[in-house]
Each structure stands twice: as C-alpha cells, then as structure tokens.
Amino acid sequence: MKIGITLPETSFSNYPKWIKGEEDVEIIELSFEKYNLLSMAECDGIVLTGGVDLMPSIIDYENAPNQFYPIRDQFEKEILKLALLEKKPILGICRGLQLINIY
C-alpha cells in the first residue's frame with residue numbers, strides 16, 4: 001500500500017511513523033514546494049497534514065497566524081480534487097480537515 005502525505009511547512013518526521021505503524025506501507029511525499037501532483041497516481045490514499053491555517057478568503061479572525069501559505073493551499077486543493085475524482089481514501093488532520101470542510 002502507498003499513502004501520500006502532504007508535506008507541511010513544519011515538522012514532517014512524525015507523520016510517516018503514525019501512518020505506517022508496524023505495517024508495510026510506503027510513504028509518498030506530496031510537496032507543495034515540488035508541486036508534484038503527478039505522484040498522486042501512485043497513491044492508494046492520502047493524508048492532508050496539519051500546519052498553518054488556510055488563508056482566509058472571507059473573514060479575518062482573532063489569533064490568525066502572521067503568515068499564510070497560499071501556494072500550499074492551492075496545491076492541497078488540487079490533491080484533494082484528484083483524490084475525490086479517483087475515489088481514494090482521505091484523512092485530514094487539523095489543517096487538512098479545514099481544507100476538506102472548505103472544499
């Protein structure tokens with residue numbers, strides 16, 4: 001089984017350990033920095049990771065981060081779109097669940 005994990009702007013090291021556990025799972029990094037959408041073809045499922053909140057398009061809110069990552073937002077929106085079209089399992093963690101909810 002191959003699981004695609006979106007690369008957060010913060011620490012990535014724990015996600016593969018949590019996903020793999022003791023199972024024989026291959027991790028495929030889906031990186032907004034590399035914009036490697038074609039790697040989705042190899043994935044049996046995806047994990048949209050946590051990180052800095054999505055850039056708000058409608059409202060400002062209290063305690064918003066100082067910096068947003070619109071490139072990451074766009075990349076992960078494309079990842080989610082492909083996963084839904086291909087009916088691949090999706091797990092959203094924190095920021096990833098925000099994306100699923102907004103999409």
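**A tour of the sheet and its cores**

Strand 3 and strand 4 run parallel to each other and pair over three bridges. Please select these two strands to begin; the model on display is a predicted one. Within this pair, select Ile-46 and look across to strand 4, where Ile-90 stands opposite.

Next, extend the selection to the whole sheet. It is open, contains four strands in the order 2-1-3-4, and is paired in the parallel sense. Its edges are formed by strand 2 (26-30) and strand 4 (90-92), each of which pairs on one side only. Viewed from one strand to the next, the twist averages 20 degrees.

Now select strand 1, residues 2-6. Towards strand 2, strand 1 makes a parallel pairing over five bridges. Here Ile-3 may be picked out, with Ile-27 of strand 2 opposite. Towards strand 3, strand 1 is again paired in the parallel sense, over three bridges. On this side, Gly-4 has Ile-46 of strand 3 as its bridge partner.

Return to strand 3 and examine its two faces. Gly-45 and Val-47 lie on one side, Ile-46 and Leu-48 on the other, and all are buried, so that both faces of the strand are covered.

The helices come next. Select helix 2, residues 70-85, which lies across strand 1, strand 2, strand 3 (45-48) and strand 4. Relative to strand 3, helix 2 runs at about 150 degrees. Then select helix 3, residues 95-102, which packs on the sheet and touches strand 3 and strand 4. The direction of helix 3 makes about 115 degrees with that of strand 4.

With these elements in view, turn to the side chains. In soluble globular proteins, nonpolar side chains tend to be buried together. The largest nonpolar core in this model has 13 residues. Select Leu-30, Met-40, Ile-46, Leu-48 and Ile-79, the residues with the most contacts inside this core. Strand 2, strand 3 and helix 2 each supply at least two of the core residues; the largest share, four residues, comes from helix 2.

Which residues are in contact with Leu-30, leaving aside its neighbours within four places in sequence? They are Gly-4, Ile-5, Thr-6, Leu-7, Asn-36, Ser-39, Met-40, Cys-43, Ile-46, Phe-75 and Ile-79.

Finally, select Ile-3, Ile-5, Val-25 and Val-47. These are among the seven residues of another core, which lies apart from the largest one.

How values were computed. Residues are numbered from 1 along each chain as its sequence is written. This is a predicted model: local features need pLDDT of at least 70, side-chain atom pairs count only at pLDDT 80 or more; totals for chains, interfaces and linings use all residues. Side-chain values use heavy atoms; hydrogens and water are left out. Two strands pair if DSSP finds at least two bridges between them. Axes are lines fitted to C-alpha atoms, for helices over the stretch in contact, and angles run from 0 to 180 degrees between N-to-C directions. Contact means heavy atoms within 4.5 Å. Buried means under 20% relative accessible area, exposed over 50%, partly exposed in between (1.4 Å probe, protein chains only). A nonpolar core is a set of buried Ala, Val, Leu, Ile, Met, Phe, Trp, Tyr and Cys residues joined through side-chain atoms within 4.5 Å.
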